[in-house]
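Work through the exercises below with the sequence and the coordinates open beside you. Each task is followed by a solution that goes step by step.

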Amino acid sequence: MKAAVLEGVEKPLVIKPVADPAPAAGFAVVRLMAAALNHRDLWIQKGRYAGLKFPIILGSDGTGVVEAVGSEGDRGWVGRHVIINPSLDWGDDPRVQGSGFRILGLPDDGTFAEAIAVPVANLAPRPAHLAVEQAAALPLAGLTAWRALFARGRLRSGETVLITGIGGGVALLALQFAVAADATVYVTSSSAEKLTRARALGAAGGANYRDADWPAQLRQQAGLFDLIVDSAMGEGLASLIELTRPGGRIVFYGDTTGNPPGFDARKVFFRQISLLGTTMGSPADFAAMAHLVEARRIVPVVDTALPLECAEQALRHLETAAQFGKIVLTMA
Ligand SMILES: NC(=O)c1ccc[n+]([C@@H]2O[C@H](COP(=O)([O-])OP(=O)(O)OC[C@H]3O[C@@H](n4cnc5c(N)ncnc54)[C@H](OP(=O)(O)O)[C@@H]3O)[C@@H](O)[C@H]2O)c1
């Protein structure tokens, strides 16, 4: 089969023939129809990710048709259209992943390929209302967004939520999920056009985080927030703390702009603010996310779909942060 392979730090993805995957016991081979990019793929290419190994087939998100299974008892999956949960071997504790936890696409080979072998336990039926490209856009971002909002953030209907950097894949699904949960949602972005597009998806308002007074703009529009979901961290955290209602929560799943300088602990403890970290999610989180998407017919936003052969071009597009929605690779 063909795959997009990364052979070292700062190397371009190259399309090359690799061995076809075979299903071990408890595994299935999925003939992939589409995969989606995540920021993680860029961090790995830049060498800014733990546990690097080369060569590696990147890609955490995939959808396709089950072609073969390694255990007779799993034969019912053959021929089914599936999405893949990229959270491998989460472990037994719903609160935190165990020591064997891995994200599909490093160290295990990922979905930028024509086929992949994954544990049957990580398969879920493809939501019937989603096209192939939309289904590929869902798993990693949907899982991360769901756990951030609901498992960690304990979002309740009627609460006021801020989601930063709405051009991000996780952020955009978090907006869609929070709107579906009857929250009032505000967003930030570097782009006026993305703020407008977020309003069309149900955001009540927003501000451009490149404006010096973005926290004041949000304060004026929304007051204080019950819940903030962020992956930028950096110097913006101080403003997010100011914008949190006493007793409110900030959930963060990334640190795109680095560690926050000059942390003001008093503003957190005296105002009873919870700072909560989150990563990916458990099998139960994934099932609950898929249920929400099916029940509310949520459609992930796809920015661009390109053939697998354009995987390197797709990564360069992700790097510009010009996208609104996920960048997807399709297989012939
Ligand atoms: N812990 C986990 O399980 C997990 C899972 C997924 C992602 N992540 C991490 O979360 C981050 C986002 O991932 P992704 O895949 O959603 O990324 P992505 O699709 O590449 O989106 C990145 C977005 O970040 C926003 N951004 C950049 N600088 C910002 C700033 N100073 N303030 C607010 N927003 C800013 C931009 O939004 P605008 O275009 O609107 O300006 C940009 O579009 C990455 O660091 C990633 O590694 C962690």
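A residue is called buried if 20 or more other C-beta atoms lie within 10 Å of its own, exposed if 12 or fewer do, and partly exposed in between, with C-beta atoms placed from the backbone. Helices (H or I, at least four residues) and strands (E, at least two) are DSSP runs, numbered from the N terminus. The model is predicted, and local features need pLDDT of at least 70, side-chain atom pairs count only at pLDDT 80 or more, while totals for chains, interfaces and linings use all residues. Residues are numbered from 1 along each chain as its sequence is written.

**Exercise 1. The two faces of H5**

Task: determine which residues of helix H5 (residues 192–200) are buried, and which are exposed on the other side.

Solution. Step one is to list the buried residues of H5, which are Lys194, Leu195 and Ala198. Seen down the helix axis, these buried residues fall within an arc of 105 degrees, and therefore they line one face of H5; the arc is that of the directions from the helix axis to the C-beta atoms. The general background is that an α-helix has 3.6 residues a turn, so residues three or four places apart point the same way.

Step two is to turn to the other side of H5, where Ala192, Glu193 and Ala200 are exposed. Alanine 200 counts as exposed because it has 7 C-beta neighbours inside 10 Å.

Step three is to ask what covers the buried residues of H5, and the cover includes H4, S12 and strand S13 (205–208). Following H5 comes glycine 202, with a positive phi near 115 degrees.

**Exercise 2. The same analysis for H10**

Task: find the buried residues of helix H10 (residues 311–320), and name the elements against which they pack.

Solution. The buried residues of H10 are Ala311, Ala314, Leu315 and Leu318. They cover an arc of only 100 degrees around the axis, which puts them on the same side of H10. On the other side of H10, the exposed residues are Arg316, Glu319 and Thr320.

The packing partners of the buried residues of H10 are strand S1 (2–6), H1, strand S17 (302–307) and strand S18 (326–330). Alanine 321 follows H10 and has a positive phi near 60 degrees.

**Exercise 3. Domains, core and ligand shell**

Task: establish where the ligand lies with respect to domain 1 and domain 2, and describe the residues around the ligand by class.

Solution. The domain assignment, which is automatic or taken from a database, gives domain 1 (2–138 + 300–330) and domain 2 (142–277). Their centres, taken over C-alpha atoms, are separated by 28 Å. Contact, meaning C-beta atoms placed from the backbone within 7 Å of each other, joins 11 residues of domain 1 to 8 residues of domain 2.

Next comes the shell around the ligand, where a residue is near if its C-beta atom, placed from the backbone, lies within 6 Å. The ligand is surrounded by 31 residues, of which the closest are Gly165, Gly167, Gly168, Ser189 and Gly254. With Ala, Val, Leu, Ile, Met, Phe, Trp, Tyr, Cys and Pro counted as nonpolar, Asp, Glu, Lys and Arg as charged, and the others, Gly among them, as polar, the shell has 11 nonpolar, 18 polar and 2 charged residues. Because both domains give residues to this shell, the ligand lies between them.

The last step concerns the largest nonpolar core, a core being a set of buried Ala, Val, Leu, Ile, Met, Phe, Trp, Tyr and Cys residues joined through C-beta atoms within 7 Å. Among its 97 residues, Val30, Phe112, Val161, Ile163, Ala174, Leu175 and Ala178 touch the most other members. Both domains give residues to this core, so the core lies between them.

**Exercise 4. Backbone exceptions**

Task: locate the cis peptide bond that leads to proline 55, and compare the burial of glutamate 10 with that of methionine 280.

Solution. The bond from phenylalanine 54 to proline 55 is cis, with omega near -5 degrees, and proline 55 sits in the loop between H1 and strand S4 (56–57). A further cis bond runs from leucine 106 to proline 107, with omega near 10 degrees.

Glutamate 10, a residue other than glycine, has a positive phi near 65 degrees, and glutamate 10 is exposed, with 8 other C-beta atoms within 10 Å. Methionine 280, also not a glycine, has a positive phi of about 45 degrees, but methionine 280 counts as buried because it has 22 C-beta neighbours inside 10 Å.

Terms used
Contact = placed C-beta atoms within 7 Å.
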